[in-house]
Amino acid sequence: MPTDDSHRPVPSPFALPSIVAALLVLAAALRIVVLAAHAGDLASFVPDDSYYYFVPVQNALAGRGISFDGLTPTNGFHPLWFFVLVPLFAVFAPAGPDAPILAAMLVGGLLSVAAGYVLWRAVRLITGEPLVALFILAAYLFNPYLVSTSLNGLETGLHDLCVAALVYYTALLLAQERLTPRQTVTFGVLVALGFLARTDTVILIGLLVAALLLRRMTARRLIGLAGAGALAAALASPWLIWNLVTFGSPVQSSGSALTTFARLTWAASSPGESPLPALAAYAALNLNTTLLYAGFSLITLLISGALLIPAILARRTAARRRLSGREETWLALAAAYAFAYIGFHVFIRWFMRDWYAASVLTVLYVGLGVLAALLLRAIRPLLARLSRSGRAAARLVVLGAVFLNGWLFVWSDSTFGFWDAPPKYPAQRQLEGAARWIRGELPVTARVGSFNAGILSYSAPQQIVNLDGVVNTAVHPFIAERNLLCFVAQADLDYVADYEWSFTSWGHILAGGGVPDGWSTPVYTSGGGDQAYTVLSVNKARLREATGCRPAE
């Protein structure tokens with residue numbers, strides 16, 4: 001039977017059982033093995049968006065400012081990971097272009113392992129069940145989706161660690177009436193780090209603060225939270241002020257650019273129709289996908305759940321199945337965060353990247369831990385009838401199911417691009433090939449525009465200008481006016497390069513009144529169909545005539 005929160009012992013923060021240490025070492029080794037397996041083909045494993053970090057970091061270190069194209073300032077990144085990357089590129093860039101990327105991937109993977117450790121402590125604290133905490137740790141560390149996303153070169157692993165730390169520290173604070181000065185400072189720092197790791201962490205922060213206030217509303221707690229909030233705001237203010245002064249908005253350019261693209265595309269393809277049914281279907285798809293990403297741990301629960309049936313029928317176990325108030329809070333928080341996070345990105349931003357679900361899973365595993373604790377309490381009377389060796393064997397069956405199912409998923413599912421499985425981003429190999437062609441065939445002074453501009457800019461010495469606005473705020477007004485070709489003319493671009501589907505899908509954004517004939521000529525093509533990659537030579541005279549736009553004097 002779960003004890004009252006006030007009497008539940010708090011596990012020592014320094015205790016690290018040998019099996020936990022072994023799992024952490026194995027998880028780190030797994031990430032290193034996966035990293036090594038893909039080291040020779042980074043273009044098909046690391047998303048193009050990662051290069052929206054790498055290129056500005058390169059430019060900053062070269063004295064060209066925080067810019068993607070070397071001219072226009074950019075804020076299309078999350079600052080905490082950006083500043084982690086700066087020393088990595090400073091140290092490893094002399095070893096070759098792949099070396100700092102591999103270093104970034106390794107750091108992201110190890111931060112994900114650290115997130116697993118903090119999550120283990122959180123689940124152990126919340127449920128008071130060491131075996132459940134071990135179960136969740138194993139499920140988290142060896143989840144193929146989380147292994148893969150932690151190595152994507154983006155802020156994912158760092159953000160997962162910040163989310164796990166916020167969850168753990170909030171669990172500590174929930175049992176206390178007030179925050180000590182030290183706890184106020186610690187919570188404020190964690191809130192700031194979480195926000196700087198990913199701006200959308202404000203969703204989780206809001207839910208955690210609401211839980212702290214609703215669970216035990218006292219003047220002392222309110223004062224402590226207000227102090228933590230003030231400290232967090234002060235720590236985040238340099239980033240927000242720089243954004244506001246430089247770009248006229250406190251949020252990143254990436255926060256609005258793709259949303260504008262999505263809404264304009266809907267208006268062009270479905271004029272007069274409400275987007276709500278499509279968005280609702282999109283939200284359901286993302287929620288289902290997120291649950292599938294946690295699939296093998298859920299399957300394990302179902303397998304071991306067969307033991308739950310006779311326990312449910314026994315009335316004497318009713319008390320053991322009761323959840324504590326703290327556990328109920330975290331079960332509700334996990335569900336609320338999943339719905340709020342996915343709902344925000346779908347209904348407000350209109351898009352989700354495949355790595356966004358990682359932070360949802362970090363909190364979702366806390367909810368799974370609560371459910372696993374409920375299961376364990378229900379079957380505990382059955383385990384009590386077994387011998388000591390029998391109880392150990394039963395626990396090994398549960399943990400073994402986690403590993404067996406997880407490893408089968410790792411080896412068989414091609415979604416995550418492990419080892420010999422198909423690559424995650426096969427079309428990016430064509431992008432890499434185009435970068436080689438641009439580097440070898442075009443003048444070094446050529447200016448090339450591209451929607452997917454990351455790998456091109458990192459791999460070619462020519463100036464690559466971002467056209468979708470993620471790291472180029474100068475293009476935003478032209479996107480909003482559906483007159484992107486005017487920007488191409490004003491920026492005096494010599495070439496435009498991208499996938500065929502980009503030109504097909506976003507033709508209405510290139511020119512709302514219709515793309516003029518003869519504005520460009522193909523000079524390079526690879527692949528076929530929508531995934532064909534094309535480099536177009538811009539007919540500047542024709543484009544200026546058709547758009548009425550000219551380069552600034």
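**Notebook: salt bridges, helix H1 and the sheet**

I looked up aspartate 49 first and found its side chain in a salt bridge with that of arginine 353, at 3.2 Å from N to O; a salt bridge here is a side-chain nitrogen of Lys or Arg within 4 Å of a carboxyl oxygen of Asp or Glu. The pair links distant parts of the chain, 304 residues apart: aspartate 49 lies in the loop between H1 and H2, and arginine 353 in the loop between helix H15 (325-348) and helix H16 (357-384). Arginine 353 counts as partly exposed at 27% relative accessibility (buried is under 20% relative accessible area, exposed over 50%, partly exposed in between, with a 1.4 Å probe and protein chains only). Helices (H or I, at least four residues) and strands (E, at least two) are DSSP runs, numbered from the N terminus.

I note that the model is predicted: local features need pLDDT of at least 70, side-chain atom pairs count only at pLDDT 80 or more, and totals for chains, interfaces and linings use all residues. Residues are numbered from 1 along each chain as its sequence is written, and side-chain values use heavy atoms, with hydrogens and water left out.

**Other salt bridges**

I searched the whole structure and got eight salt bridges. One of them joins arginine 429 to aspartate 41, with the closest N and O atoms 2.4 Å apart. Arginine 429 sits in helix H18 (residues 428-441) and aspartate 41 in the loop between H1 and helix H2 (51-61), 388 residues apart. I also found lysine 540 bridged to aspartate 494, the closest N and O atoms being 2.6 Å apart. Asp492, Asp494, Lys540 and Arg544 are linked in a network of salt bridges.

**Helix H1**

I then checked which side of H1 (residues 18-38) is buried. Its buried residues include Val20, Leu24, Ala27, Arg31 and His38. The buried set covers an arc of only 150 degrees around the axis, which puts these residues on the same side of H1 (the arc is that of the directions from the helix axis to the C-beta atoms). Ser18, Val25 and Ala36 are exposed on the face turned away from the buried side.

**Sheet**

I traced an open sheet of five strands in the order S2-S1-S3-S5-S4, with mixed pairing; two strands pair if DSSP finds at least two bridges between them. Strand S2 (463-466) and strand S4 (520-526) are the edge strands. S1 and S2 are parallel over four bridges, with glycine 449 opposite valine 465. S3 and S5 pair in the antiparallel sense over five bridges, and tyrosine 499 stands opposite tyrosine 533.

Definitions and conventions
The expected span of a helix is 1.5 Å times one less than its number of residues.
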